[in-house]
2 protein chains.
Amino acid sequence: MTDPAATAEAAAASSSRGRSGNGRVGREPYDIAAVLDIAVSAFNEFGYDATSISILAERLGTSKSAIYYHVSGKEDLLRLALDRAIGGLEAVLQLEEASVGNAEARLQFVVRGAVRVLVDDLPYVTLLLRLRGNTEIEREALERRRTFDHAVAILVDEARAEGSLRADIDARTTTRLLFGMINSIVDWYRSGGALTREQLADDVIAVAFGGLERR
Amino acid sequence: MTDPAATAEAAAASSSRGRSGNGRVGREPYDIAAVLDIAVSAFNEFGYDATSISILAERLGTSKSAIYYHVSGKEDLLRLALDRAIGGLEAVLQLEEASVGNAEARLQFVVRGAVRVLVDDLPYVTLLLRLRGNTEIEREALERRRTFDHAVAILVDEARAEGSLRADIDARTTTRLLFGMINSIVDWYRSGGALTREQLADDVIAVAFGGLERR
DNA sequence: GTCTATATACCGATAGAC
DNA sequence: GTCTATCGGTATATAGAC
């Protein structure tokens, strides 16, 4: 349905809209995206629990009350952020290329799409991947992540069935190791360096499917 | 110098010593290991910041003051825990097998050793891997982790130089993807299941070095 | 060594002025 | 829509009795 790159561009555009300009808006306050960007950045830096509304207010150059005018509370910010992250991953599975062709090609497409979402929405996905599931909101996001993982595991199964992937390792273990590699990207990749998003995706696919050894 | 398995066994023995028995001890209060086990478990469950001394006291069946008698504060518990985790990984590099033979064999030995430490000290390494570096203690642990990663990156370089590993992907990226896969183990592996520690290490090495594709 | 009680500070969230 | 002031609650850490 939605292209992950297009989704990321739209999100980036809305978040860079800034706090100036005060025209009327449909239903959302103007700069909730800016608040969310600041919040996610702080959540990743200090952890969700350790990030106080006061810190967010300070970074936004405003007061606690001003934030409470826009969102109903700290958990609201978390919910919005997690929805964006997991929504991006889910969108990959809805793309046409994830459903046509042989299983290995579909799996590689999903891997590439996941890498793109990780890079494009890096702070948001970082937040998602570090969840512990202590609140209802976090548990809902983790449940959606499990559903995503399950869909990928099915792809792995199909690729094994068609003879593309090795069958000597449990499919669940395979999926977890594969996404362990992919998800670790949020811990070190930063855009703007020598390694582009597409090159990173190429490398991940080369290592994961081809292995580290020279062939 | 120290075998990681032996280290883990000693740690497990000391931590299971329990809180009974009140004989004299050399210099440490008797059950600091028990306090540490409880603390690390809680830190992983709620996050370090969100874990209060009150919670620890409750889980230990004692009072806050009793904990403060044993440790100087919450950060002290964190420091002890992180030292155990990173110490276990560093010990792998000191083993003889990490220094003899061809580079690929040495790299595979380090990978296997790291998996063993992750499994044997799972809660401790989990804590280490989720650090954000907001306190001096955390930054010191992260610095030691960087040194460890650097040593592994050198091994990767040597394995490439000897022609064992593929050279089309940056060595630093290779190392990060490799350890991304390894480190993800703490997010899903639980001992006691069908997958043993050594089988897991075999799978990691098979996937990382051989790739997912059928050969 | 462990306890209760408390000091001091900050938390999330709200009230009400403007 | 943003502000200051404040509520009730909890945090780390300590004092001092036992």
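# Two protein chains and two DNA strands in a predicted model

By class, four nonpolar, nine polar and two charged residues form the surface near DNA strand D. The model discussed here is predicted. This report treats the two DNA strands in turn, then the contact between the protein chains, and finally a salt bridge within chain A.

## DNA strand D

There are 15 residues around DNA strand D, and those that come nearest are A:T62, A:S63, A:S65, A:Y69 and B:K64. Among the atoms of this strand that come within 4 Å of the protein, sugar and phosphate account for 49%. Both protein chains are thus represented in the list of nearest residues, with B:K64 coming from chain B.

Individual polar contacts give a more detailed view. B:K64 places a polar side-chain atom 2.7 Å from a base nitrogen of DNA strand D. The elements giving two or more residues to the surface near this strand are α4 (64-70) of chain A, together with α3 (53-60) and α4 (64-70) of chain B. Of the elements, α4(A) gives the most, with four residues. The phosphate oxygens of DNA strand D are approached by A:H70, through a polar side-chain atom at 3.1 Å, and by B:T51, through a backbone N or O atom at 3.3 Å.

## DNA strand C

DNA strand C likewise has 15 residues around it, of which A:K64, A:Y68, B:T62, B:S63 and B:S65 come nearest. Sugar or phosphate supplies 53% of the strand's atoms within 4 Å of the protein, and bases supply the rest. The surface near DNA strand C consists of four nonpolar, nine polar and two charged residues.

At least two residues of this surface come from each of α3 (53-60) and α4 of chain A and α4 of chain B. The largest share belongs to α4(B), which contributes four residues.

Chain A makes polar contacts with both bases and phosphates of DNA strand C. The side chain of A:S65 has an N or O atom 3.2 Å from a base oxygen. Phosphate oxygens lie 2.8 Å from a side-chain N or O atom of A:Y68 and 3.1 Å from one of A:K74.

The table below collects the side-chain contacts with the two strands.

| Residue | DNA strand | Atom of the strand | Distance |
|---|---|---|---|
| B:K64 | D | base nitrogen | 2.7 Å |
| A:H70 | D | phosphate oxygen | 3.1 Å |
| A:Y68 | C | phosphate oxygen | 2.8 Å |
| A:K74 | C | phosphate oxygen | 3.1 Å |
| A:S65 | C | base oxygen | 3.2 Å |

## Contact between chain A and chain B

The size of an interface is often given as the accessible area lost when the parts come together. Between chain A and chain B about 3900 Å² is buried, with 57% of it on carbon and sulfur atoms. On the side of chain A, the residues that lose the most area to chain B are A:R132, A:L177 and A:L212, which together account for 20% of what that side buries. The contact draws 39 residues from chain A and 39 residues from chain B.

What polar links are found across this interface? The count is 18 residue pairs in polar contact, both residues being at pLDDT 80 or more, whereas zero salt bridges are found. Helices α2 (32-46), α6 (103-120), α9 (171-183) and α10 (197-210) of chain A each supply at least two residues of the side that touches chain B. That side comprises 16 nonpolar, twelve polar and eleven charged residues.

The two chains are related by symmetry. A turn of 180° with a shift of 0.0 Å along the axis lays chain A on chain B with an RMSD of 0.1 Å. This is therefore the relation of a two-fold axis. In chain A, A:G211 has the C-alpha nearest the axis, at 1.7 Å. The same surface serves both copies, as 100% of the contact residues of chain A recur in chain B.

## A salt bridge within chain A

Side chains of opposite charge can pair when their charged atoms come close. Over all chains, the structure holds 30 salt bridges. One of them joins the side chains of A:R112 and A:E198, at 3.0 Å from N to O. This pair links distant parts of the chain, since A:R112 lies in helix α6 and A:E198 in helix α10 of chain A, 86 residues apart.

Which other residues does A:R112 touch? Leaving aside residues up to four places away in sequence, A:R112 touches A:A201, A:D202 and A:I205 as well as A:E198. The C-alpha atoms of A:R112 and A:D202 are separated by 7.8 Å, although the two residues are 90 residues apart along the chain.

Technical notes:
Residues are numbered from 1 along each chain as its sequence is written. Chains are lettered from A and ligands numbered from 1 in the order in which they are written. This is a predicted model: local features need pLDDT of at least 70, side-chain atom pairs count only at pLDDT 80 or more; totals for chains, interfaces and linings use all residues. Side-chain values use heavy atoms; hydrogens and water are left out. A residue is near a molecule or strand if one of its heavy atoms lies within 4 Å of it. A polar contact is a pair of N or O atoms within 3.5 Å; within protein, one must be able to donate a hydrogen and the other to accept it, and residues adjacent in sequence count only if both atoms are side-chain atoms. Ala, Val, Leu, Ile, Met, Phe, Trp, Tyr, Cys and Pro count as nonpolar, Asp, Glu, Lys and Arg as charged, and the others, Gly among them, as polar. Contact means heavy atoms within 4.5 Å. Buried area is the accessible area (1.4 Å probe) that two parts lose on being put together, summed over both. A salt bridge is a side-chain nitrogen of Lys or Arg within 4 Å of a carboxyl oxygen of Asp or Glu. Copies are superposed by least squares on the C-alpha atoms of residues with pLDDT of at least 70 in both.
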